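Open the model in your viewer and keep the selection panel at hand. The stops below say what to pick next and what is found there.

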Amino acid sequence: MAAALSSKVSVAGVAVQVAPATARQARSLAVRVNALGQKVEYIWYDGQEGQPQKGAVFNEMRSKTKVLQKPVTSMNPKDFPEWSFDGSSTGQAEGKKSDCILRPVCVVPDPIRGGDNVLVMCDVLDEAGVPHETNTRAKLAAIINDEVRAEAPLFGFEQEYTMLSKGGHIFGWPSGGFPAPQGPFYCGVGHESVYGRPLAEAHLDACVKAGLIISGINAEVMPGQWEFQIGPTGPLETGDQVMIARWLLHRLGEEYGIVATFAPKPVKGDWNGTGAHTNYSTESMRKDGGMKAIEAAIERLSKCHPEHITQYGTGNEDRLTGKHETCDINTFRFGVADRGSSIRIPLPVQLAGKGYLEDRRPAANVDPYTVVRLLIKNTLL
Ligand code: ADP
Ligand code: MN
Ligand code: MN
Ligand code: MN
Ligand code: MN
């Protein structure tokens, strides 16, 4: 009697098939899962170089689910258990010493699963508990001292990305051809010029529900290209929130059949590349007369352009051509309201004489912890 071998239970409103079990066993299972099972998604990045070309490389986010029978009710990462993963399958360890440790560092509500389920951003440690070489968060944490804290640095990270259909075609582009030349697409509206809004909206919603400090979204210059902004947020917070937001984008892309790529130049030719402008301020820049501190920071940044450029994303040379709202990769230039500069001082900042600067050089596939570390190291330390 097949019917006796399986029965349906409802877990958080979703009907699931449980087999084999008697109806009574199934009922007690449902009670146990409903009452106690808390799904914790452990998220990390595998440290591989970002995506230099569209479609050619997979994204660097990884995650797996732990079900806690005794839920953690606090949002303190220290209250969540450490876990481990097979580093030999993520390019983070050799097969013989393959275990890497996941240590929770940031907890947010899970906007997809809802309920008391959470997403947990993790540090990756080696088997001795030392930060893994791919752990750029630990490298940032290590330079934050009292001097840095006194200046309360804030960052606004403009994460651009390009939507692809399976197979690497730009989402919404005519098959085998090109859309109209760039012009009507940036901040556009209408079926003829905006592709993929349902995913961009679902992602925005998810970020808000997760409690991320997301400050907006917009359709970008190339059709199928979008941007979301995280910030203003503190140093570690910026990296954690950008990583969680990236994970949410890829995760929701599964539902929409859309791949998000951070490749810096997904389409060669007269099409905008994909960047991650990083807006940056310190207490000294934000207070009256802050322009002096902004200019001093730019002066220091002008002296370490190569150090930044070599760590601002893979394939960025295809994007930083001096065209399409960029400055040539070998040139350092700053300017007010100048979108062809390396560092832009926004017009409202110039008018107020205080505020923040915008580093326009980072590629979309940059490691956010690394940008933040370099800006702090080379302007404050
Ligand atoms: P753009 O005009 O370059 O497209 P956006 O509006 O997309 O600029 O992004 C600007 C970002 O700068 C936002 O994330 C915003 O929160 C952030 N921001 C605003 N003020 C500051 C500040 N004082 N310090 C750091 N970031 C800031
Ligand atoms: Mn296994
Ligand atoms: Mn922007
Ligand atoms: Mn943009
Ligand atoms: Mn910008």
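Select α6 (235-256). In this predicted model, α6 has 22 residues and reaches 32 Å from its first C-alpha to its last, close to the 32 Å expected at 1.5 Å a residue. Then step past its end to Gly257, which follows α6 and has a positive phi, near 65 degrees.

Next, show the largest nonpolar core, a set of 80 residues. Ile43, Val120, Ile244, Ala245 and Leu248 are the residues with the most contacts inside this core. Its largest share, eight residues, comes from α6. Colour domain 2 (38-134) and domain 3 (143-380) separately: both give residues to this core, so the core lies between them. As general background, nonpolar side chains in soluble globular proteins tend to be buried together.

Pick Ile43 from that core. Which residues does Ile43 touch, not counting residues up to four places away in sequence? They are Met61, Ser63, Leu119, Val120, Met121, Cys122, Met243, Ile244 and Trp247.

Now zoom out to the whole chain. The division is into domain 1 (2-34), domain 2 (38-134) and domain 3 (143-380). Place markers at the C-alpha centres of domain 2 and domain 3, and they lie 24 Å apart. Across the boundary, 20 residues of domain 2 are in contact with 24 residues of domain 3. On the domain 2 side that touches domain 3, select β3 (38-45), β4 (61-68), β6 (99-109) and β7 (118-125), the elements that give two or more residues each. β6 provides the largest share of that side, four residues.

Move to α5, residues 197-209. This helix has 13 residues and reaches 18 Å from first C-alpha to last, close to the 18 Å expected at 1.5 Å a residue. Highlight its buried residues, which are Leu199, Ala200, His203, Ala206 and Cys207. Look down the axis of α5: these buried residues fall within an arc of 125 degrees, so they line one face of the helix. A general rule is useful at this view: an α-helix has 3.6 residues a turn, so residues three or four places apart point the same way. Turn to the face of α5 directed away from its buried side, and the exposed residues Pro198, Glu201 and Val208 appear there. To see what covers the buried residues of α5, add elements including β8 (154-164), β9 (214-219), β10 (225-233) and α6. Just after α5, Gly211 takes a positive phi of about 80 degrees.

From here, go to the loop between β9 and β10 and select Glu220. Is Glu220 buried or exposed? Glu220 is buried, because it has 22 other C-beta atoms within 10 Å, and a residue counts as buried at 20 or more. Leaving aside neighbours within four places in sequence, the contacts of Glu220 are Glu160, Tyr186, Gln225, Trp226, Glu227 and Asn272. Draw a distance from the C-alpha of Glu220 to that of Asp240, 20 residues apart along the chain, and it comes to 24 Å.

Finish at ligand 1. Of the 16 residues around ligand 1, those that come nearest are Gly156, Gln229, Asn279, Ser281 and Tyr356. Show β8, β10 and β12 (278-281), each of which supplies at least two residues of the shell around ligand 1. β8 gives the most to this shell, with four residues.

Methods. Residues are numbered from 1 along each chain as its sequence is written. Chains are lettered from A and ligands numbered from 1 in the order in which they are written. This is a predicted model: local features need pLDDT of at least 70, side-chain atom pairs count only at pLDDT 80 or more; totals for chains, interfaces and linings use all residues. The expected span of a helix is 1.5 Å times one less than its number of residues. A residue is buried if 20 or more other C-beta atoms lie within 10 Å of its own, exposed if 12 or fewer, and partly exposed in between; C-beta atoms are placed from the backbone. The arc is that of the directions from the helix axis to the C-beta atoms. Two residues are in contact if their C-beta atoms, placed from the backbone, lie within 7 Å. A nonpolar core is a set of buried Ala, Val, Leu, Ile, Met, Phe, Trp, Tyr and Cys residues joined through C-beta atoms within 7 Å. Domain bounds come from an automatic or database domain assignment. A residue is near a molecule or strand if its C-beta atom, placed from the backbone, lies within 6 Å of it.
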